[in-house]
Amino acid sequence: MNSPSRVITFVNAGHFIDHYAMLIFAAAVIIMGPALGMAYSELLPYATPGFIAFGAGSLITGWLGDRWSRRHMMVIFFVGIGLSMISVGFVQTPLQLGAALLAIGIFASIYHPVGTAMIVSYAEKLGAQMGINGVWGNLGVASSALVTGVIGQYLGWRWAFIVPGVVTVLIGIAFAMTVMHEDRKGARQAAAQARVAKEDMWRVVLSLVIVVIAISTTFNAVTVALPKLFAERLADLTRSPALLGVIAAGVYVFGAMTQYTIGRLLDKHSLKTVALPLSFMLAPFLYFAASLSNLPLIVVSIGIVMGAFGQVTVNDAMVGKYTTEEWRSRAYAVRYFVGFTAAGASVGLVAWLYDQGGFSMMLRAFAALCLLAIAAAIILPREIRTPATQGGLNRAS
């Protein structure tokens, strides 16, 4: 039997790599544009097929994770996404770039339905492990902006894809050699902590669909646009790609702290108790960011990432709590198919809104969209506690 801590460590590393790989282009595009002779709004749409594949592919990968092997799927994930990153470093035309980014998206689609299901299976405390797993993903987002900025400035944008690609392949080999088999019989069933009345289950599904569409679209739009937003709005502070990467990374650290805190709260309180106050964060912060620059923009951006990343932890815990082991990968597949398909559309939407009215229009548009998160939190029903859960959880509110 595999050591649960060892499996969780590799799966957490996979979450880091998944978000890191998907956002290298968002940071590198700033220096790729001049090198390829293309404008930001012309180059950004080439990432759209990859982001759509990121979501659409999860339906197939989640099914394979349940029906075949989550362990084998994770090996394919590590090696495949690593080789795809390396391939971006050798592209010569925009069409080749789009194809290489599409390959990254296809292999990246494996992680969330498969890796998240593995976390739930091996976790002793669902909320805490979800929070820690979210921190790893958030650090991947932060590191992507930081490391890509540094490597891009000193070695060129191609090496910003090649170096992490090589490291990822090596991690995949280590995973294949260390985690030799998959043992689902030892699953801790940490997810089976709470239930809702059968007649209220439609409210859970409706709430999840609404918040996933709103938050996933906003989450992806913010992470894609933030490097360019900072490059424009922090020009009075710095124009260095490396320093801008450091600032972006610092902002994302607050998101990581939020995910860990939200995860711990979910082990003690009901989903509705945690989700409702969190849902009020994004809309006002996005609206204020539309007209800010320099230090005030950095402060408000911290609020945006705290709200967005906290919501992601709530969404993942919701699926984990209400699904059984044999269906869990497929449940996460549907959750991420909806979320990442909406997120994929957000890349083109960011480019279009930016062309129409710059980041001011883009941020206000997503502020309006995030009002749906409040409605979704209000719809959530109260949880019914079972005797097994009373000891570790407070009364639902």
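Student: Let's start with Val319: does this residue count as buried or exposed?

Tutor: Keep in mind that this is a predicted model, where local features need pLDDT of at least 70, side-chain atom pairs count only at pLDDT 80 or more, and totals for chains, interfaces and linings use all residues. Numbering runs from 1 along each chain as its sequence is written, and side-chain values use heavy atoms, with hydrogens and water left out. The cut-offs are under 20% relative accessible area for buried, over 50% for exposed and in between for partly exposed, using a 1.4 Å probe and protein chains only. Val319 has 6% relative accessibility, so it counts as buried.

Student: And which residues does Val319 touch, not counting those up to four places away in sequence?

Tutor: Val319 is in helix H13, helices here being DSSP runs of H or I with at least four residues, numbered from the N terminus. Its C-alpha atom is 6.9 Å from that of Ala331, twelve residues apart along the chain. Contact means heavy atoms within 4.5 Å. Beyond those sequence neighbours, Val319 touches Leu208, Ala331, Tyr332 and Arg335.

Student: What's the phi of Asn294?

Tutor: Asn294 is also found in helix H13, and at 17% relative accessibility it counts as buried. Phi is positive here, in a residue other than glycine, and near 55 degrees.

Student: Where is the kink in H1 centred?

Tutor: H1 covers residues 4-36, 33 of them, and reaches 46 Å from its first C-alpha to its last. That's close to the 48 Å expected at 1.5 Å a residue, the expected span being 1.5 Å times one less than the number of residues. A bend is the angle between axes fitted to the seven residues ending at a residue and the seven starting there. In H1 there is a kink of about 55 degrees, centred on Val29.

Student: How many of the 33 residues in H1 are buried?

Tutor: H1 is mostly covered. Just past its end, Gly37 takes a positive phi of about 70 degrees. Within H1 itself, the buried count is 24.

Student: Why does the span of H3 agree with what its 20 residues should give?

Tutor: H3 runs over residues 48-67, with a kink of about 40 degrees centred on Ser58. Its buried residues include Gly50, Phe54, Ser58 and Asp66. The span agrees because the 20 residues should cover 28 Å at 1.5 Å a residue, and the end C-alpha atoms of H3 are apart by 29 Å.

Student: How far is the C-alpha atom of Pro49 from that of Leu102?

Tutor: Pro49 lies in H3 and, with a relative accessible area of 38%, is partly exposed. Pro49 and Leu102 are 53 residues apart along the chain, yet their C-alpha atoms are separated by 5.6 Å.

Student: Leaving aside neighbours within four places, which residues is Thr218 in contact with?

Tutor: Thr218 lies in helix H9. Its relative accessible area is 0%, so Thr218 is buried. Outside that sequence window, Thr218 is in contact with Leu286, Phe366, Leu369 and Cys370.

Student: Which helix gives the most to the lining of the largest cavity?

Tutor: A cavity is a set of points on a 1 Å grid over the protein atoms alone where a 1.4 Å probe fits but cannot get out, and lining residues have an atom within 4 Å of a point. The largest cavity is lined by 20 residues, with His19, His112, Phe219, Val312 and Tyr336 nearest its centre. H1, H7, H9, H13 and H14 each supply at least two lining residues. With five residues, the top contributor is H7.

Student: How much space lies in that largest cavity?

Tutor: A search of the whole structure finds eight cavities of 30 Å³ or more. Grid points are joined across faces, edges and corners, and a volume is the space filled by probe spheres set on the points. For the largest cavity, that comes to about 210 Å³.

Student: Zooming out, what share of the protein's residues is buried?

Tutor: The secondary structure comes to 16 helices and zero strands. Of the contacts with a separation of 6 or more, 87% join residues 24 or more positions apart. Among the 397 residues, the buried share is 59%.

Methods: 1 Å grid on protein atoms, 1.4 Å probe; cavity = no way out; pocket = protein on both sides within 12 Å on 5 of 7 lines; lining within 4 Å.
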